Structure formats: C-alpha cells, structure tokens
Amino acid sequence: MTNKQNKRPTRRRILRTALIVSAAIAVLALVLASIYYALFWRGRVSFLERDNSIDTPDTLVDNAEDAGKLITYKGETYRYNKSVISLLFMGIDKTDIQAGGGYGKNGQADSLFLATLNTDNGAVRIIPLSRESMVDINLYDADGSFIGTEKRQLCLAYAYGATAQESCENTVRSVGRLLYGMPIDGYIAIDFNGVKALNKAVGGVELTALDDISVYHEGKHHTLAIGQAVRLDDVTVLPYLQSRGDDLEANNRRMQRQKQFLEAFIRIAADNVKKNFTLVEKYYNAAKPFAVSDLSLSEITYLASTYLVGGQPAIEYLPVTGKSQLEGEHVAFDPDETSLYEAVLAAFYTKEK
C-alpha cells in the first residue's frame, strides 16, 4: 500500500512536468511565430508604391505611355510590374566600410548586382553591372561641394560621399541613370570582412573554380586550379572574388566568379533558412558590423519570406553585353543599349498577352 502511494505522486509529477514543458514549447512557438509575422508585415508595408520618372530610350521603344510604365517594344506591349522590389548589392574594396573616409576616400564599388524580386511569385532576376560601365556620376570636392556630373566608371560613384551612406546613395543615383530611371528600393553594401563573415556563417561556399587563382597566406603561396572543387574559407574567399588580370576581359571573368559565388551562397542560405527561419536574423547580425544598408531586419525578413514562399525559384541572370576598351589607364565598358534595355524589361516589366 505504501509503495503504491509513493508511485502515484511520481506519475502525477511526471505528467504535470510534461504538460508544463509542452505548454512552454507551445508558448515559445507562438511567440516566435508572432515575431516572424510582425517582421513580415512590417517589412511588407515599408515598400510603398513609387512614383519614379522612367526614361524610355526613344531609339529603341516603339511607343511609351503613362510615364514609361506602358511601352511597346519590337511590337510587344510591356507593363511596369508594381509588384517588383529592386535592391542594389555592392561589394566595397575596404575592410572598414563604416569608417567614412570623406569625399573621394571611401573606396570603390568593385562588384555591383541589381536584383529584382517579384512579390507575387518569388521570382528573382539579377542584372550584373560591370564596375567599368561608363555612366554619369555626381562629383564632389573634399568639402562636399557639388562640382558637377561627369561620365566615369560606375565603381567611382561610391568614392563621392562623406559617409558610407552618402556613397551608397550616390552609387544608387548612378545605377538609376544607367537603368533608365528604374526605381531602386534599397541597397546593401558590404566590405571584405563582411564577405568573410557571411561565407563563414553558411559553413563556406562550395564551388568549382572557374579560373586559376593565386592565394598567399602566412608567407606561403598556393593556387586554386581551374576545375578544382573547393570550399571557400577565410583564406581563399577574397582572392577568388577579387583577383583580376590586366587585360580588357579581366573584370568580366571576375564578374562570372562573383555571380557563381552569389548564386551558391543564396542557395545554401535559403536551404538553411527553410529549415530554421531564425537564421535570417543570424545572417543579418553576422553581416551588420561590416555592412551599410537602408534595409531593416523586418524588410529583409519579408524579402526572404517572399522568396521562400514562392517555392525558391531558380535565379535568372540577365547579363548585359557591350564593348570594353582602354581609355588612358582605365578600362571603359560601354553597355550595348539593346542588351541593357532588354535586361531592364525582363527585370521590371511584364509582357502583356
């Protein structure tokens, strides 16, 4: 009798403990879900309808109406897609992006990608932009006085800002000019250390080397050979993304490696986030000390959710062809107008049936 009495409280305690644990887990799940949906909706409403002035090229377009939002091109009708959100990603050739060096001293935007996300279906399209693209950029003197606008390499637009934020805004302005006044809803600029941090956060991006890349570390030299399977780490990731030769096509080859890395990183990060959505905040915090952006965590949460809910569709790249030529000591890339405009159409417009 005494043994039975001792066992009953034990079972009740176990049951009570199990119920308390289950309730705690349910409450935690509810809290996490509430945080997620709060971030999602806050991010969604922050992207408001824009009223940009779109500059349609008269030499290419058959007809344009509604301030360039409805155009006829090669006999087909295209309408600007209001469900598209566009972001400019910039890789900056610095290790301390948040320490503004002043006008003309903030470094350059060595890699630039304009990405659009269709919030209706999660489709992502990316226009790789050559740093050598010739475009009008705003120039300022050391005191911040506006000098004027001059056609220079796109990468130089970043140098003209007192702070990293101003440098980003100046680059966004020039990219908008290059892309016929299309709206750019946000930007993310990241320095060398940020690339390392994000690569490390996903466990190192695995890829097959597209070029022979020399790597120097602690006085030793080795080479990543073309065709070699490699998991990029703190030692190899920057040489792989930065290395560039001296010939006219050197930057184009580097852009292919950057595109390869970006695509692989997005795929790994998206797969991880699908399993654990709290990783969005982890990646955000990993990059934050080494990045400058006008996007909040809630906006990034919304963008990531939209892409994943859309079924994580394959990313479509919209390469821009053109001609590279030497101008003085620098390479100038002149985008082919038809190629550039068709990339814009694919990224921002929908063909009407």
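**Two pockets and one buried serine**

Let's start with the largest pocket. Fifty residues, written 50 on my slide, line the largest pocket, and those nearest its centre are Phe-89, Ile-188, Leu-198, Leu-262 and Phe-265. Keep in mind that this is a predicted model.

How much space lies in the largest pocket? About 1,400 Å³. Which helix gives the most to its lining? Helix 5, residues 250–275, with nine residues. Now the chemistry of that lining. By class, 38 of the lining residues are nonpolar. Seven are polar, and five are charged.

On to the second largest pocket. Its volume is about 340 Å³. The second largest pocket is lined by 15 residues. Closest to its centre are Lys-151, Arg-177, Leu-178, Tyr-180 and Leu-340.

What does the lining of the second largest pocket divide into? Seven nonpolar residues, one polar and seven charged. Set that beside the largest pocket, with its 38 nonpolar and five charged residues.

Where in the fold does this second lining come from? Four elements each supply at least two residues: strand 7 (134–140), helix 2 (164–178), strand 17 (330–335) and helix 8 (337–348). Strand 7 gives the most, with three residues.

Next, one residue to look at up close: Ser-305. You will find Ser-305 in helix 7, residues 297–309. Is Ser-305 buried or exposed? Its relative accessible area is 1%, and the cut-off for buried is under 20%, so Ser-305 counts as buried. What does its side chain reach? The backbone oxygen of Thr-301, at 2.7 Å. That distance is within the 3.5 Å limit for a polar contact.

Last, the whole chain. There are 353 residues, and buried residues make up 46% of them. Ser-305 is one of the buried residues. The chain has eight helices and 18 strands. Helix 5 belongs to the story of the largest pocket, while helix 2 and helix 8 supply residues to the second largest.

How do contacts run along the sequence? Take the contacts with a separation of 6 or more. Of these, 64% are between residues 24 or more positions apart.

And the surface? The chain exposes about 18,400 Å². Carbon and sulfur atoms supply 53% of that area.

To recap. The largest pocket has 38 nonpolar residues in its lining. The second largest has seven nonpolar and seven charged. Ser-305 is buried in the model, and its side chain reaches Thr-301. That's it from me.

Methods:
Residues are numbered from 1 along each chain as its sequence is written. This is a predicted model: local features need pLDDT of at least 70, side-chain atom pairs count only at pLDDT 80 or more; totals for chains, interfaces and linings use all residues. Side-chain values use heavy atoms; hydrogens and water are left out. On a 1 Å grid over the protein atoms alone, a cavity is a set of points where a 1.4 Å probe fits but cannot get out, and a pocket is an open set with protein on both sides within 12 Å along at least five of seven lines; lining residues have an atom within 4 Å of a point. Grid points are joined across faces, edges and corners, and a volume is the space filled by probe spheres set on the points. Ala, Val, Leu, Ile, Met, Phe, Trp, Tyr, Cys and Pro count as nonpolar, Asp, Glu, Lys and Arg as charged, and the others, Gly among them, as polar. Buried means under 20% relative accessible area, exposed over 50%, partly exposed in between (1.4 Å probe, protein chains only). A polar contact is a pair of N or O atoms within 3.5 Å; within protein, one must be able to donate a hydrogen and the other to accept it, and residues adjacent in sequence count only if both atoms are side-chain atoms. Contact means heavy atoms within 4.5 Å. Accessible areas come from the Shrake-Rupley method with a 1.4 Å probe; for residues, only the protein chains shown count as cover.
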